[in-house]
Amino acid sequence: MTAQSYHADLLIDLGAIRRNVTVLSGLARNSGARTMAVVKSDGYGHGAVHVARAALEAGADSLGVATLDEALRLREAGFTVPLLCWLYTADVDFAPAIAADIDLSASSSGELRRIAAAAAAQGRTARVHLKIDTGLSRNGSPAELWPVLVEEAAKAQADGHVEVVAVWSHLACADEPGHPSIDQQAHRFQRAYEQARAAGLTPIRHLANSAAVLTRPDLHFELVRPGIAVYGLDPVPQHGDHGLRPAMTFRSSVVLTKRIEAGESVSYGQLWTAERATTLALVPVGYADGVPRTLSGRMSVWLAGKRRPVVGRVCMDQLVVDCGDDAVAVGDEVVLFGPGDRGEPTAAEWAEKIGTIHYEIVTGMYRPRVSRTVVDSREPA
């Protein structure tokens with residue numbers, strides 16, 4: 001921990017990021033595909049700039065983000081590789097993206113026309129990825145509107161306003177290997193690609209997210225888009241060990257210890273009562289710092305060489321650890337979750353206990369009272 005006023009710290013291991021991207025880009029290369037590392041939401045809470053640099057060093061060829069602001073920040077940080085963004089508000093100005101050579105997704109004729117108009121106004125050509133909705137029913141063109149979109153894209157390309165770089169889509173159930181929707185979406189995607197080709201376009205294809213990178217090499221096509229797996233969180237652990245390593249460790253420290261007698265209770269509601277005399281350790285993190293209150297009575301931490309239970313309710317700013325008769329001291333490190341090497345809890349364990357996914361855990365961790373420390377090692381720490 002630093003001497004600053006932060007109550008907790010996220011330790012980000014770039015060695016783990018490199019290791020994970022090496023695994024993922026190796027799988028892609030075996031299929032003849034390139035790799036786009038997805039670094040949206042500030043690199044899933046890990047720090048987009050640091051993650052992007054490590055990912056490119058380890059074999060990624062391009063980067064993907066959700067919003068234009070995220071893409072522009074990466075350009076401002078000096079990244080010149082292909083960079084795709086795909087989610088916009090209705091009033092977004094595409095001109096800065098086109099000027100910065102940022103690839104843009106178009107899910108409708110309206111979006112395509114706005115992109116083409118912005119490119120024409122600058123006398124430039126916008127790089128466009130046409131998105132087809134194959135079954136997620138979120139972003140992407142409906143199948144019935146797709147023929148019009150590809151025809152308009154072909155015309156805009158002939159006019160020199162856009163270059164159609166890719167056709168793409170997103171899988172709904174790739175984290176459930178064998179789910180029938182995967183093949184259904186792949187079939188719809190192939191049909192959309194053939195329609196784009198028939199319109200005179202020659203795009204590449206990208207469909208595979210992290211789970212499909214790990215389980216469906218037939219869907220790698222020319223480009224894959226791993227996201228959560230870049231950060232070492234496996235979307236398909238039931239499929240076996242893929243050699244990924246979690247890159248985030250959430251840690252704090254003990255700020256107070258005290259001895260209580262049997263019969264004394266802890267925290268709001270007094271839901272936990274000591275059955276014997278015990279030592280408590282106070283840790284200055286709570287649900288305002290990313291610890292779900294729903295973990296009350298269900299979580300443990302790594303402290304002084306072993307797992308120890310958190311007792312009583314998780315509060316906004318604090319939680320309490322039962323240390324029994326063991327010696328603990330103010331300043332001792334407390335690991336709330338990490339890679340699991342020493343037996344400490346993991347983000348995946350937190351997610352399982354509260355019925356969510358590890359994506360939500362790590363992306364929600366960067367808070368005002370939580371610092372972020374980057375370990376720039378060449379090997380996992």
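Two residues are in contact here when heavy atoms of theirs lie within 4.5 Å of each other. Keep that in mind as we walk through this model, which is a predicted one.

Let's start with the whole thing. The protein has 11 helices and 19 strands, and its C-alpha atoms fill a box of roughly 80 × 40 × 40 Å along the principal axes. Of its 381 residues, 52% are buried. Now take the contacts whose partners are separated by 6 or more positions: 66% of them involve residues 24 or more positions apart. For a feel of the distances, try Gly123 and Pro284. They are 161 residues apart along the chain, and 55 Å separates their C-alpha atoms. Gly123 belongs to the loop between helix 6 (109–122) and strand 6 (126–131). Is Gly123 buried or exposed? Its relative accessibility is 69%, so it counts as exposed.

Next, go to helix 1 (14–30). Just before it comes Asp13, which caps the N-terminal end of the helix: one of its side-chain oxygens lies 2.9 Å from the backbone nitrogen of Gly15. How well does the length of helix 1 fit what you'd expect? At 1.5 Å a residue, its 17 residues should span 24 Å, and the C-alpha atoms at its ends are 24 Å apart, so the two agree. Plenty of this helix is hidden away: its buried residues include Leu14, Ile17, Val21 and Leu24, along with Arg18 and Asn20. A handy rule helps when you look at a list like that. An α-helix has 3.6 residues a turn, so residues three or four places apart point the same way. The buried residues of helix 1 pack against several elements, among them strand 1 (8–13), strand 2, helix 3 and helix 9. Right after the helix, Gly32 takes a positive phi of about 80°.

Follow the chain a little further and you reach Lys40, in helix 2 (residues 40–44). An unreviewed UniProt entry lists this lysine as a modified residue, N6-(pyridoxal phosphate)lysine. Why does Lys40 count as partly exposed? Its relative accessible area is 29%, and the "partly exposed" class covers values between the 20% limit for buried and the 50% limit for exposed. Setting aside neighbours within four places in sequence, Lys40 is in contact with Gly64, Val65, Ala66, Glu70 and Trp86.

Helix 3 (residues 48–57) is the next stop, and its buried residues are Ala48, Val51, Ala52, Ala54 and Ala55. What covers them? The cover includes helix 1, strand 2 (34–38), helix 2, strand 3 (62–65) and helix 4 (68–76). After helix 3 comes Gly59, with a positive phi near 125°.

Now for the rings. The structure holds 7 aromatic pairs. One of them joins Phe189 and Phe221, a tilted pair with 5.5 Å from centre to centre and 45° between the planes. This pair links distant parts of the chain, 32 residues apart: Phe189 is in helix 8 (residues 180–198), while Phe221 is in the loop between helix 9 (210–215) and strand 9 (223–224). Phe189 has 0% relative accessibility, so it counts as buried. Phe221 is buried too, at 16%.

Another pair is made by Phe337 and Trp350. Their ring centres are 5.0 Å apart and their planes meet at 80°, so this pair is edge-to-face. Phe337 lies in strand 18 (residues 333–337) and Trp350 in helix 10 (residues 347–354), so the pair ties together parts that are 13 residues apart in sequence. Both of these residues are buried. Ring pairs also bring in Phe250, giving a cluster of Phe250, Phe337 and Trp350.

Rings can have charged company as well. Lys131 lies over the face of Trp168, 4.3 Å from the ring centre. Over the ring of Tyr366 you'll find the charged end of Arg372, 3.8 Å from the centre.

Last stop: Asn209, in the loop between strand 8 (204–206) and helix 9. Its relative accessibility is 14%, so it counts as buried. Leaving out neighbours within four places in sequence, Asn209 is in contact with His170, Leu171, Ala174, Arg225 and Pro226.

Terms used. Residues are numbered from 1 along each chain as its sequence is written. This is a predicted model: local features need pLDDT of at least 70, side-chain atom pairs count only at pLDDT 80 or more; totals for chains, interfaces and linings use all residues. Side-chain values use heavy atoms; hydrogens and water are left out. UniProt positions are given in the numbering used here, feature names are shortened, and annotations may be inferred rather than shown by experiment. Helices (H or I, at least four residues) and strands (E, at least two) are DSSP runs, numbered from the N terminus. Buried means under 20% relative accessible area, exposed over 50%, partly exposed in between (1.4 Å probe, protein chains only). Rings of Phe, Tyr and Trp (its six-membered ring) pair if their centres lie within 6.5 Å; planes under 30 degrees apart count as stacked, over 60 as edge-to-face and the rest as tilted. A charge sits over a ring if NZ of Lys or CZ of Arg is within 6 Å of the ring centre and within 35 degrees of the ring normal. The expected span of a helix is 1.5 Å times one less than its number of residues. A polar contact is a pair of N or O atoms within 3.5 Å; within protein, one must be able to donate a hydrogen and the other to accept it, and residues adjacent in sequence count only if both atoms are side-chain atoms.
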